[in-house]
Amino acid sequence: MHYVSVEGLTKSFGIKPLFENISFHISEGDKISLVARNGAGKSTLLKILSGREFADEGKVWVNKDVEVALFEQNPDMLENRSVLDNIFHHEHPILNAIKRHEAAIDANDEAAIGASLEEMDNLGAWDFDSKVKQILGKLNIHQLQQDVSTLSGGQRKRVALARTLIDIGFEHKHVLLIMDEPTNHLDVQMVEWLEHYLNKENITLLLVTHDRYFLDAVCEEIWELDRSTLFPHKGDYANFLEKKAAREESEAATIDKARNLYRKELEWMRKQPKARTTKSKSRQDNFYEIEKVAKQQLATQQLELQAKMNRLGGKIAEMKKVYKSFGEKTILKGFDYTFKKGERVGIVGRNGAGKSTFINMLQGMEQPDSGKIVIGDTVVFGNYSQEGLTIKEDLRVIEYVKNIAESFPLAGGGSLTAAQFLTLFLFPPEQQYTYVSKLSGGEKRRLHLLTILFRNPNFLILDEPTNDLDLPTLAVLENFLSEFGGCLVIVSHDRYFMDRLVDHLLVFEGDGNVRDYPGNYSQYREWLKSQEAEAKEEKKEAVQTVAAAPVAEQKQKRRLSYNEQREFDALQTQIAALENEKIEIEAKLNSGSLPFDELQKLAARIGVISDTIDEKELRWLELSEMAG
């Protein structure tokens with residue numbers, strides 16, 4: 001089924017063209033990633049497709065049966081309203097019933113819970129409620145009555161993501177989901193769950209992301225927006241890079257050929273009299289076409305430079321018996337660590353585990369409750385924080401950088417001027433005289449990063465550096481950091497970025513526990529999955545043991561509230577019904593007589609059933625233990 005068709009689309013801001021005369025189609029089941037530099041027009045194109053903005057020229061056709069859902073980088077929220085109101089913002093009996101049920105549970109109102117259970121039964125809303133609970137649980141959204149105006153940026157982003165996923169799950173229509181950097185502010189467990197969810201739900205997707213592992217897990221095609229033109233590439237990110245390199249090599253050969261011809265034609269043009277024959281007029285027109293090709297710039301310069309850093313002494317940083325808490329929340333509990341020369345450490349853990357507090361204490365921006373933090377005299381910190389640029393007055397980009405330093409010293413002697421350094425970080429000369437206020441959000445993040453590096457620190461601390469940066473900028477940053485000779489501490493949920501740059505991890509596990517893991521991010525995740533699989537197997541065995549106990553014995557052990565008792569009784573019926581449905585679907589799948597589209601639907605349904613059974617069995621075990 002055709003979802004979207006675009007023909008001859010053009011959009012400019014002032015004299016700057018974002019894209020010119022681009023055409024493409026999106027069909028049901030497509031999963032496409034859109035790649036481009038910050039400021040190239042990715043977000044604008046997504047807004048045009050969703051009807052939030054309009055093109056200067058061209059046509060956008062959206063199938064009348066298709067709903068377009070846009071998840072933006074900075075989503076709009078219903079301010080001064082609760083999380084619950086923002087997530088369940090549609091008027092529909094089932095959504096309203098689930099909203100009332102969740103509100104009753106959140107308020108622990110037994111009378112309201114009883115009424116909501118009956119309403120849910122009457123509407124047959126339990127299947128969708130199970131999906132809602134999964135989404136809220138996986139995105140760590142629990143305090144549903146909290147006002148969204150009190151939430152952090154990351155919390156707001158997760159609430160908006162939950163709202164989007166619940167909306168498209170409820171629509172039961174053909175939906176084109178457009179997502180702009182959905183993994184920002186998500187921890188790794190959330191990102192991996194979102195990968196699984198988007199694949200399992202058979203969603204048609206157009207995605208902008210800087211997370212290359214996420215891109216490869218979810219998308220089957222990459223579209224690059226470069227120099228106002230759209231270039232489609234089938235396959236994964238590695239294949240995209242290979243095809244892009246081949247395309248640029250071919251374009252470079254074409255440009256070289258055009259430049260040679262241009263020099264000859266330019267000489268001819270200069271010799272010609274002002275009055276031209278028809279033949280010479282034709283050659284003149286052709287000259288301008290050749291000139292246009294010859295003057296193209298393929299500035300994909302790779303950053304390879306050795307910085308002349310301030311020398312690091314023997315003592316770098318030591319943390320001795322450090323304790324830190326906020327109220328009842330423990331961040332560090334007697335933490336000991338000594339940083340060594342050239343060390344590359346990744347800091348990982350769930351949101352709120354204390355990673356940012358740790359790096360603030362390391363720099364003296366926060367004090368420990370007890371213990372010592374000793375920093376060497378030669379250490380020069382460079383701190384790339386999530387807060388971004390601080391600008392007292394609006395300056396041009398080149399002026400802003402020159403206020404820090406006029407040049408960047410190189411290890412082999414010599415230096416780079418501020419303008420040359422800006423060019424290496426993808427700010428071409430014509431953009432260097434743009435006012436900072438006119439830059440896109442991603443361009444401001446890139447400028448912030450550049451100014452940190454331009455100060456020439458020898459101990460770099462990067463807190464979520466990949467958020468809002470485009471993939472070309474990330475390639476430049478990774479090249480720079482791979483040659484960086486000082487100490488490097490990275491807080492990031494970008495698995496690819498961490499794998500490439502860090503030697504080992506400090507894992508914040510919660511309750512003040514920090515694990516020093518000797519390996520990269522992917523190795524740690526594989527180890528963690530093996531631990532989780534073992535724990536899940538133990539829980540499953542416990543469920544089977546409890547289920548085998550006599551029913552009379554179970555009844556004697558119950559000490560549950562009225563509503564918990566009702567939920568417990570309902571769970572046994574629901575699990576049995578789901579098991580029966582699973583058996584019936586398996587029989588149909590094994591029959592070999594179903595059409596392909598029916599097989600796809602049943603395969604998707606059996607995955608949902610299996611996940612739901614696992615969740616309900618774990619809840620049943622929890623209630624059983626409470627009763628015991």
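These legends walk through several close-up views of one predicted model.

**View 1. The whole chain, to get your bearings.** In this predicted model, the chain folds into 20 helices and 20 strands. Of its 628 residues, 47% are buried. Among contacts with a separation of 6 or more, 69% join residues that sit 24 or more positions apart. The chain exposes about 31200 Å², and 49% of that comes from carbon and sulfur atoms.

**View 2. A six-stranded open sheet.** Follow the strands across the sheet and you will meet them in the order β5-β6-β7-β3-β8-β9, with mixed pairing. Which strands stand at the edges? They are β5 (66–71) and β9 (229–234); each has a single partner strand, so one side of each is left without a neighbour in the sheet. From one strand to the next, the twist averages 20 degrees. As a reminder for reading this view, strands of a sheet pair through backbone hydrogen bonds, either parallel or antiparallel.

**View 3. Strands β6 and β7 side by side, with helix α1 across the sheet.** Here β6 (residues 174–180) pairs with β7 (residues 204–208) in the parallel sense, over five bridges. To find your place in the pairing, look for I178, whose bridge partner in β7 is L206. Helix α1 (residues 42–49) lies across β3 (31–35), β5, β6, β7 and β8 (221–226). Relative to β6, helix α1 runs at about 160 degrees.

**View 4. L207 and its surroundings.** L207 has its place in strand β7. Is this residue buried or exposed? L207 counts as buried, because its relative accessibility is 0%. Which residues does L207 touch once its neighbours within four places in sequence are set aside? The contacts are I32, S33, L34, M179, P182, F214 and C219. For a sense of scale, try the C-alpha atoms of L207 and W223: they are separated by 9.9 Å, and the two residues are 16 apart along the chain.

**View 5. Helices α5 and α7 packed together.** Helix α5 (residues 126–138) packs with helix α7 (residues 188–200) at an angle of about 150 degrees, and their axes are 10 Å apart. Angles over 145 degrees count as roughly antiparallel, which makes α5 roughly antiparallel to α7. On the α5 side, the contact is made by K131, Q134, I135 and K138. The α7 side brings M190, W193, Y197 and K200. Sorted by character, the residues of this contact are four nonpolar, one polar and three charged.

**View 6. N140, a residue with a positive phi.** Staying with α5, move to the loop between this helix and α6 (153–171), where N140 lies. Its phi is positive, about 60 degrees, although N140 is not a glycine. How open is the residue to its surroundings? N140 counts as partly exposed because its relative accessibility is 39%.

**View 7. E464, another residue to check for its phi.** E464 is found in the loop between β17 (459–463) and α15 (471–482). Phi of E464 is near 50 degrees, a positive value in a residue other than glycine. With a relative accessible area of 6%, E464 is buried, whereas N140 counts as partly exposed.

Notes
Residues are numbered from 1 along each chain as its sequence is written. This is a predicted model: local features need pLDDT of at least 70, side-chain atom pairs count only at pLDDT 80 or more; totals for chains, interfaces and linings use all residues. Side-chain values use heavy atoms; hydrogens and water are left out. Axes are lines fitted to C-alpha atoms, for helices over the stretch in contact, and angles run from 0 to 180 degrees between N-to-C directions. Helices (H or I, at least four residues) and strands (E, at least two) are DSSP runs, numbered from the N terminus. Angles under 35 degrees count as roughly parallel, over 145 as roughly antiparallel, 65 to 115 as roughly perpendicular and the rest as oblique. Contact means heavy atoms within 4.5 Å. Ala, Val, Leu, Ile, Met, Phe, Trp, Tyr, Cys and Pro count as nonpolar, Asp, Glu, Lys and Arg as charged, and the others, Gly among them, as polar. Buried means under 20% relative accessible area, exposed over 50%, partly exposed in between (1.4 Å probe, protein chains only). Two strands pair if DSSP finds at least two bridges between them. Accessible areas come from the Shrake-Rupley method with a 1.4 Å probe; for residues, only the protein chains shown count as cover.
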